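Work through the two exercises below with the model open beside you, and attempt each task before reading its solution.

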Amino acid sequence: MPTLVETVSLLAAVVATATGILVARRRRSSPLALPLAIMMFGASLWASARALLHVAEDSVPATVALHYLVFPGAAAVAGATFWYLAVLSGRRLSGRARALLLVHPALLVVALVLDPVHEWFLRVHADGTTVTVGAGPLYWVHTAYCYALVAAGIVLGLGAMVRAVPGHRRVFGVAVLAATIPTLGNVLTTLVAARSENLHLTPAFLLVSAAIWWWVERFGGHSTVVPVTTRQVLEVIDDAVLVLDPRGRVIDANPAARSLVGVPGGGGLDAAADAPWRSYLDGDPARRDRGTLTTASGTVLDVRVTPMTDAAGRAAGTVVVLRDVTELERLRAELVDQATRDGLTGLLNRRALGQRLADAVDEAGRTGRPLSMVLVDVDHFKAVNDSHGHAVGDAVLVAVGHELAVATGPGETAARLGGEEFVLLLPGATAREAALRADDVRTRCAGLRVPTDREPVRVTLSAGVATLTPGATADDMLRAADDAMYVAKDAGRDQVVGASDPSVSSTRSP
């Protein structure tokens, strides 16, 4: 009658075989399926050999053969366990690495075939139908190698579990547990067998391990996909991530960072000591968490700097995240420009002029530099619209806007105030200089001829000039120029008039 151990061994063989068949069906869709299937079939061979010892107890050759069959199964379990955990941890075994894993099983088969002659692996003694088995030197070499291989796989699995995203750490924990259980059982069997020859605990642990793998395959689906690690996440994101030690040296960088910094290969990032983002590391920690920098090549970088500390609160390093926002900044600048520009003429609009005028008045008050303004109005504009339509009226405004833009020098501002009114803001220009500039614009516009479906439209302007004096405000200056412009209209149009407001100096064009 079979013992409890042999019954458990048979059950372990059945569960392992069923799991291996279930997993093998997915070998084409998952890199984890093949090593797990080999692991299960190896466990099945191992447990089956132990379970059948009771059946073969009356035959010495059969008993010896079953003792030998245990070891190919153990070799398959050890090699496949390492293979599985290596792939699970994100490594890809090359053909050469897989070939090296086959060296041990191949040598094992040779050793077992020659063992009846040399007894280097097992020392078999038969007394009638009773077979006693002892360990030879190659047995211990084989056992040490298997333990080392499984231990290496467990180390890889634990390391990957630490690096994995939280949602996938359970996958590594289950795999490491299932790999550890039979190894622990075999260690206990090796220790106990010295005292009780017929007590073999490994099959019981194989049953637990096979049951775990069956549950994983049946309900967990771990063999369908390799879990995601934090490193894999960093490698695929577009943001550049650099990790610096407390002294500011780059100790790690993802591919996006290497590409953005411009350093090929796996090292040399510290050569970019003058990288613009490094200036953030020397600034005020309270202000350096985020900002925008423009490199010499024109690339605009969004920079985020996050200091790291250890459990004791000591500086552990810094994480720098860089994002290329050049296109985003271009679009933002374009939107800002559209918000401050007049849609018809392309000059600054009234809102932007108000800010420019306020800044110019403040600067003039601080520096004492003169500040002048020319307010221009298109003569008889309503009549142009009424006679020729708004399309021609728009063409007149565009033509006047172009002449004002051409007349605008560095630091000066041309803007459309609204309707047919325009402003030329002239920092540094005296009243006389502003009047001469205004009359030049008036003369150039007088030469314009805007085509229509009838006769061309002739353009004339009336302009008022005002110059800021101490105590005057931006509103005072604008009001004075407006008053002067209406004086020019009342005087017959097509002329330039200086302001007569007491708080603003005035002049007339020559």
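**Exercise 1.** Determine how E9 and strand E10 run relative to each other and how many bridges join them, then place both in their sheet.

*Solution.* Strand E10 (residues 421–427) runs antiparallel to E9, and five bridges join the two; strands here are DSSP runs (E, at least two residues) and helices likewise (H or I, at least four), numbered from the N terminus, and two strands pair if DSSP finds at least two bridges between them. One bridge can be located by residue, since Arg416 has Phe422 in E10 as its partner. This is a predicted model, in which local features need pLDDT of at least 70 and side-chain atom pairs count only at pLDDT 80 or more, while totals for chains, interfaces and linings use all residues. Residues are numbered from 1 along each chain as its sequence is written, and side-chain values use heavy atoms, with hydrogens and water left out.

Next, follow the open sheet, whose five strands come in the order E9-E10-E8-E13-E14 with mixed pairing. Its edge strands, each pairing on one side only, are E9 (413–418) and E14 (496–498).

**Exercise 2.** Decide whether Val450 is buried or exposed, and find which residues Val450 contacts beyond its neighbours within four places in sequence.

*Solution.* Begin with strand E11 (residues 449–450), where Val450 is found. Its relative accessible area is 5%, so Val450 counts as buried (under 20%; exposed is over 50%, partly exposed in between, with a 1.4 Å probe and protein chains only). Beyond those neighbours, Val450 is in contact (heavy atoms within 4.5 Å) with Val392, Ala395, Val396, Pro456, Val457 and Val459. Finally, check Val396, which lies 54 residues from Val450 in sequence, with 6.4 Å between their C-alpha atoms.
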